[in-house]
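User: Please take a close look at the nonpolar core of this protein. I should like a connected account of the residues that build it and of the parts of the chain around it.

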Amino acid sequence: MKITISFLFLFAALAFAGAKVNAQDVCTVADPTGTPLNVRAYPTNGRVVAKLNNGTVITVEHYTVDETTGKTWAKIGVRRNRKYIMLGYVLDAYLNCN
């Protein structure tokens with residue numbers, strides 16, 4: 001019972017902190033500049049670990065909001081050769097998740 005209450009409290013705290021809860025979205029990269037989208041090791045100033053072209057299909061694991069800038073970042077992964085690979089973080093403004 002104590003674990004369930006702690007989990008619910010943590011979940012509520014994340015929701016109120018501005019984190020989106022609708023993870024596991026399947027999206028495509030849609031960078032309006034037409035340049036490859038930088039994937040970072042962590043939000044905001046993380047080192048670039050990959051670049052994705054427009055139209056690349058990705059899966060969003062979770063969202064987080066940078067409290068300093070107010071920008072929403074998505075932690076993403078991709079399917080490659082029947083394997084799922086976690087990549088890093090991208091700005092959600094450059095994703096099309098319809």
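Analyst: The largest nonpolar core of this predicted model holds 13 residues, and those that touch the most other members are Ile58, Val60, Ala74, Ile76, Val90 and Leu95. Two or more residues come to this core from each of the strands β1 (26–29), β2, β4 (57–65) and β5 (72–80).

Ala74 offers a convenient point from which to view the surroundings of the core. Setting aside neighbours within four places in sequence, Ala74 is in contact with Val60, His62 and Tyr63, and also with Gly88, Tyr89, Val90, Asp92 and Leu95. Among these partners, Val60, Val90 and Leu95 also belong to the group of core residues that touch the most other members.

His62, one of the contacts of Ala74, is placed in strand β4. With a relative accessible area of 31%, His62 is partly exposed, since the buried class ends under 20%. The C-alpha atom of His62 lies 7.1 Å from that of Gln24, although 38 positions separate the two residues in sequence.

Strand β5 also contains Thr72. This residue has a relative accessible area of 15% and is therefore buried. Between the C-alpha atoms of Thr72 and Leu91 the distance is 6.1 Å, while the two residues are 19 apart in sequence. At the other end of the same topic stands the loop between β5 and β6, where Asn81 is found. Asn81 is exposed, at 76% relative accessibility, and has a positive phi near 50 degrees despite being a residue other than glycine.

Strand β1, which contributes to the core, also takes part in a covalent link. The whole structure contains one disulfide, formed by Cys27 and Cys97 with their sulfur atoms 1.9 Å apart. The link between Cys27 and Cys97 is right-handed, with 105 degrees about the S-S bond. Because Cys27 belongs to strand β1 and Cys97 to the segment after β7 (95–96), the disulfide ties together parts of the chain that are 70 residues apart in sequence. The two partners fall into separate accessibility classes: Cys27 is buried, with a relative accessible area of 1%, whereas Cys97 is partly exposed, at 33%.

Strand β2, a further contributor to the core, leads to the largest pocket. The volume of this pocket is about 170 Å³. Its lining is made up of Pro36, Leu37, Asn38, Arg40, Thr44, Asp66, Thr69, Lys71, Trp73, Val90, Leu91 and Tyr94. Two or more of the lining residues come from each of β2 (37–40) and β6 (83–91), and β2 gives the most, with three. By character, the lining comprises six nonpolar, three polar and three charged residues. Val90 appears in this lining and is also one of the core residues that touch the most other members, while Leu91, the residue paired above with Thr72, lines the pocket as well.

Two residues of the lining, Asn38 and Thr44, can be described further. Asn38 is in strand β2 and counts as partly exposed, at 26% relative accessibility. Apart from residues up to four places away in sequence, Asn38 touches Val48, Ala50 and Lys51, together with Tyr89 and Val90. Both Tyr89 and Val90 are likewise contacts of Ala74. The C-alpha atoms of Asn38 and Asn53 are separated by 9.3 Å, with the residues 15 apart along the chain. Thr44, in turn, lies in the loop between β2 and β3 (48–52). Thr44 is partly exposed, with a relative accessible area of 26%, and has a positive phi of about 70 degrees although it is not a glycine.

The overall fold gives the setting for these parts. The protein chain has one helix and seven strands, arranged along the sequence in the pattern α-β-β-β-β-β-β-β. Of its 98 residues, 28% count as buried. Among contacts between residues at least 6 apart in sequence, 49% join residues at least 24 apart. The disulfide of Cys27 and Cys97 is one link between parts distant in sequence, being 70 residues apart, and the pair of His62 and Gln24, 38 residues apart in sequence, has its C-alpha atoms 7.1 Å from each other.

Conventions: Residues are numbered from 1 along each chain as its sequence is written. This is a predicted model: local features need pLDDT of at least 70, side-chain atom pairs count only at pLDDT 80 or more; totals for chains, interfaces and linings use all residues. Side-chain values use heavy atoms; hydrogens and water are left out. On a 1 Å grid over the protein atoms alone, a cavity is a set of points where a 1.4 Å probe fits but cannot get out, and a pocket is an open set with protein on both sides within 12 Å along at least five of seven lines; lining residues have an atom within 4 Å of a point. Grid points are joined across faces, edges and corners, and a volume is the space filled by probe spheres set on the points. Helices (H or I, at least four residues) and strands (E, at least two) are DSSP runs, numbered from the N terminus. Ala, Val, Leu, Ile, Met, Phe, Trp, Tyr, Cys and Pro count as nonpolar, Asp, Glu, Lys and Arg as charged, and the others, Gly among them, as polar. A nonpolar core is a set of buried Ala, Val, Leu, Ile, Met, Phe, Trp, Tyr and Cys residues joined through side-chain atoms within 4.5 Å. Buried means under 20% relative accessible area, exposed over 50%, partly exposed in between (1.4 Å probe, protein chains only). Contact means heavy atoms within 4.5 Å. A disulfide is a pair of cysteine sulfur atoms within 2.5 Å.
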